[in-house]
Every structure is written in C-alpha cells, then in structure tokens.
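Here is a short review note for a colleague opening this entry. Please keep the structure in view while reading the points.

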Amino acid sequence: MARKSSLLKQTLIATFFFILVIYALFTTFFHTSFTASDPSSSDEELEFSSRENLNFPEKRIDPSGFRGKVKVFMYDLPHKFTYGIIQQHRLARGGSAVADVTTLNYPGHQHMHEWFLFSDLARPESERVGSPMTKVNDPEEADLFYVPVFSSLSLIVNAGRPPGTGLGYNDEETQEALVEWLEGQQYWRRNNGWDHVIIAGDPNALYRVVNRVKNAVLLVSDFGRLRPDQGSLVKDVIIPYSHRISAYTGDFGVQERKTLLFFMGNRYRKEGGKIRDLLFQILENEKDVLIKHGTQSRENRRAASRGMHTSKFCLNPAGDTPSACRLFDAIVSLCVPVIVSDSIELPFEDIIDYRKFSVFVDTAAALKPGYLVSLLRKVPVKKIIAYQKAMKEVRRYYDYTDPNGTVNEVRRQVSQKLPLIKLMINRDKRLVKKGSSEPTCSCLCSNRTRIISSL
C-alpha cells in the first residue's frame, strides 16, 4: 500500500513538471514580444508588445483583399482636362464656343468609356447602386484616386484636320500640363502615384507622359504601345471599347444570317495590322464572305450593323495594336468573333471564357489560302447557336450604359488591385531606386506566345 502511494506521488510530480514545461514552451513561442538586436538600445525602447505600437491595421483584411467596398476619390480636375477638351473637339469641327462647358455632351465614338467612368463618379452616391466602389469626398478617406482626364478625346481633337485648323490645341501640351498638375498634388506625391487610376483607352493616349504615370493603375485597351515596365496584367486593367453597333434583338439561329464571314473596316493599318491587307487578298473573292474597306462614319456604321446582324461569323483581325473595337460590336450583334490577333488581351478574363463564344485562329494559319473559310464552314449550326447564347449572356459586360454592365466590372477589376497597390506602396518606400527599364517581379507582361486555333 505504501509502495502504491509513493508511485502515485511520483506520477503526480512528473505530471506537474510536464505541464509546466508545456506551458513554458507555449509562452516562449506564442507570446514572445518583438525585440530588436541593437545592443545600444534599451529593452524598453526596442520591445513591441502590441499591434498598436507596430501601426498594424486594427481590423483584419477580409479574404477579398480589402475591408468592405473600396473608397475612391475623384479629382476635380481643371476643365481643360475634361469638358474643355469637349469644347476643343467641337471648335475643331466648326462648332461655336459656349460659356459653360459643363453643358456640353461628350461626342460619340469608340472611346466613350472615359465619359461613362467619369459620369458614374459624378453622380450622387445614392444613384450608384451595385458599384463595388464607394465614392468619398474627403481624400483622406480614400483608398484610390481617380484621374478623369479625357485622354483619348484629346488625342483626336485635331485628327483628320488640316494643319492650322485646330485653333492652336495641342494634345502633347495637354498631356504635359496634366502630369505637372498631378505632380503638384500631395496625394500623388505621398505614394508616388501607386494608388491612382488613370484612363488611357486609346493605345496612343498619354503616349508622351506614360512613363511619368506608369505607377498608376492604367485603364487600357491593350499593351500594344506600352513597354513591359509601363503596363502589365498585374498592375493594370484591360477595358473594352465602347461599342458603336446597336445590339441584335432577334432570335438565335442562322436563318437570317446568310453571310458566312463579315468584315468592314480600314484595310490598311500599321505594324500588326498589316495582316488586314493580306486577309483582304485571300478572302475578298470567297463565296459567302463579305469583306469591305470602310472608315468611321455614320453611314458606314449603319452598313456595319446590317452586315454583323446578318452574318454567322465576324472577322476581328489586329489593328495598329492587338485590339480593335470591332470585337465588341460583334459580341452585341451575336456574330461569332473570329479573332486573328496573336497578342490580344481581353477584358474581364477572370470571369469570362472567350472560347465559349469566339473562334481563335493564329495568324500563320489564317493566312493559308482556303484555311479560314474551310474551318468556319465545318462549324455545325448547333455550335453557332451555342456561341450566340453565350454571347447574349455576357454582352452586358460590354455595355457601358447597363447599370450592371461595363462600368461596374471595371470598378470591380480595379478594386481587386488594392492589395497589390498597398504592397507596392510599402515596397517602393524601402527599395533602392534603379534606372533599369527591364520588367521586374511586379510585371506580368502581355501575351508573347502564339495562340492556337480554338476549333
């Protein structure tokens, strides 16, 4: 009995010391305060025992990367960067000046996205139902800063006008003035522009100053005019052109679509767009193919609308850069896009699989005589109808006037950049500046591979 009592005491003592050791280990690994290694500083100065002392955020960031809706502040730019450009565009076309430029309407063209994104944030917050972003009037509350410059309209103020008829307007001077204005703003200087969003929809928009604003999130149609260190899928957002063709409202099917393949646009382009002339030579004599040269005009838009609404497939070759507005005209027309542009980037690819309603053909294959039409003639009617149904499901994403359309999708894409923006802001403050223009680990360059035919 005495032996059992002694054994029990030993067991209790061993258990006590075991619990004590576990407690000590737990305290050491999970409750040790952060201590710097500088021996010249006192423990009191170097010990950090709370999140408050480390200036960590009080609230946890949710899995989506930000706390609730992202807060955006839109700069009240001088009118010479917004409505004043509309006035200049009007004057260059023989219009008269108005005293209050804010009464002017933005002229209709494929880059109206800059107008729709501006007017969305100009509305009262109560009218911005469903937006992923909340507009704030105090810049101190903002996560992001939107710069609503009409950069694409500025580019074409004097387009097609004889020298001397533009009343002295100069797009390059406007670009320079914009950047000088931005660099004078404390919120731009605070984070070196990383938390700013700038629209440059036309591939040539802001071309003179893009290197000075490349830290910002750029809203672009493609990366055709940008170096890898200026634009990337990681930092920037691909946005769709504003379609100019009216949406097709008829039924699914091919009964009213007698033309196999349709294209209407400028035959002669530069750089990657040279493929257009080659495709014209191959396709213009093919049966059931309608391919016509045409520039932007009201009459040509009507003809293009008729052509797209009565064709099974619509050809979408590269322009001067990989993208073209014709793709989005085709989608709203339920005309299956045939994309011949090896380096194209497409909007909203995190939620849209373009293979479900588009045919991708690499350039080399498309230029083989007879290949393209032979490929398309083999597509069964059932599959064409499936393409049409898929396009109807997604075409709201390309409609800037839809309350749940393009504007909200662009805002959503920008919102998703916020964790990266915060990372780059903090990273930028510790890095040694280098003069290299080579892409860094923050850059995911646009498509440099070759696509294959999707049929």
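Where is the place of S221? The points below start there; note that the model is predicted.

1. **The loop residue S221.** S221 lies in the loop that runs between β7 (217-220) and β8. Is S221 buried or exposed? S221 is buried, because its relative accessibility is 4% and the cut-off for buried is under 20%.

2. **Polar partners of S221.** The S221 side chain has a partner in the backbone: the oxygen of G201, at 2.8 Å. A side-chain partner is present too. Here S221 makes a polar contact with the side chain of Y241, at 3.4 Å.

3. **Surroundings of S221.** Which residues is S221 in contact with, leaving aside neighbours within four places in sequence? The list is G201, P203, I238, I239, Y241, S323 and E345. G201 and Y241 thus appear both as contacts and as polar partners, G201 through its backbone oxygen and Y241 through its side chain.

4. **The six-stranded sheet.** β7 and β8 belong to an open sheet of six strands. Its order is β4-β3-β5-β6-β7-β8, and the pairing is parallel. Which strands stand at the edges? They are β4 (133-135) and β8 (237-238). Each has a single partner strand, so one side of each is left without a neighbour in the sheet. As background, strands of a sheet pair through backbone hydrogen bonds.

5. **Strand β5 and its two partners.** β5 sits between β3 and β6 in the sheet order. On one flank, strand β3 (residues 70-74) runs parallel to β5, and three bridges join them. On the other, β5 pairs with strand β6 (residues 196-199), again in the parallel sense and over three bridges. Look at Y146: M74 stands opposite this residue, and so does V197 in β6. V147 has I198 in β6 as its bridge partner.

6. **Faces of β5.** How are the faces of β5 covered? L144 and Y146 are on one side, F145 and V147 are on the other, and all of them are buried.

7. **Just after β5: V149.** V149 is in the loop between β5 (144-147) and α5 (151-155). V149 counts as buried, with 2% relative accessibility. Beyond residues up to four places away in sequence, V149 touches L77, F81, E114, L178, I198 and I199. K80 is 69 residues from V149 in sequence, yet the C-alpha to C-alpha distance is 9.1 Å.

8. **A helix crossing.** Helix α4 (residues 113-122) and helix α14 (residues 406-415) have axes that come within 10 Å and cross at roughly 85 degrees. The two helices are therefore roughly perpendicular to each other. Which residues meet there? From α4 come F116, L117, D120 and L121; from α14 come V407, V410 and R411.

9. **The disulfide.** How many disulfides does the structure hold? There is one. C314 is joined to C335, with an S to S distance of 2.1 Å. The link is right-handed, with 105 degrees about the S-S bond. The pair links distant parts of the chain, 21 residues apart: C314 is in strand β11 (residues 311-317), and C335 is in the loop between α10 (326-332) and β12 (336-340).

10. **Cysteine burial.** C314 is buried at 1% relative accessible area. C335 is buried at 0%. C325 also counts as buried, at 7% relative accessibility.

How values were computed:
Residues are numbered from 1 along each chain as its sequence is written. This is a predicted model: local features need pLDDT of at least 70, side-chain atom pairs count only at pLDDT 80 or more; totals for chains, interfaces and linings use all residues. Side-chain values use heavy atoms; hydrogens and water are left out. A disulfide is a pair of cysteine sulfur atoms within 2.5 Å. Helices (H or I, at least four residues) and strands (E, at least two) are DSSP runs, numbered from the N terminus. Buried means under 20% relative accessible area, exposed over 50%, partly exposed in between (1.4 Å probe, protein chains only). Contact means heavy atoms within 4.5 Å. Two strands pair if DSSP finds at least two bridges between them. A polar contact is a pair of N or O atoms within 3.5 Å; within protein, one must be able to donate a hydrogen and the other to accept it, and residues adjacent in sequence count only if both atoms are side-chain atoms. Axes are lines fitted to C-alpha atoms, for helices over the stretch in contact, and angles run from 0 to 180 degrees between N-to-C directions. Angles under 35 degrees count as roughly parallel, over 145 as roughly antiparallel, 65 to 115 as roughly perpendicular and the rest as oblique.
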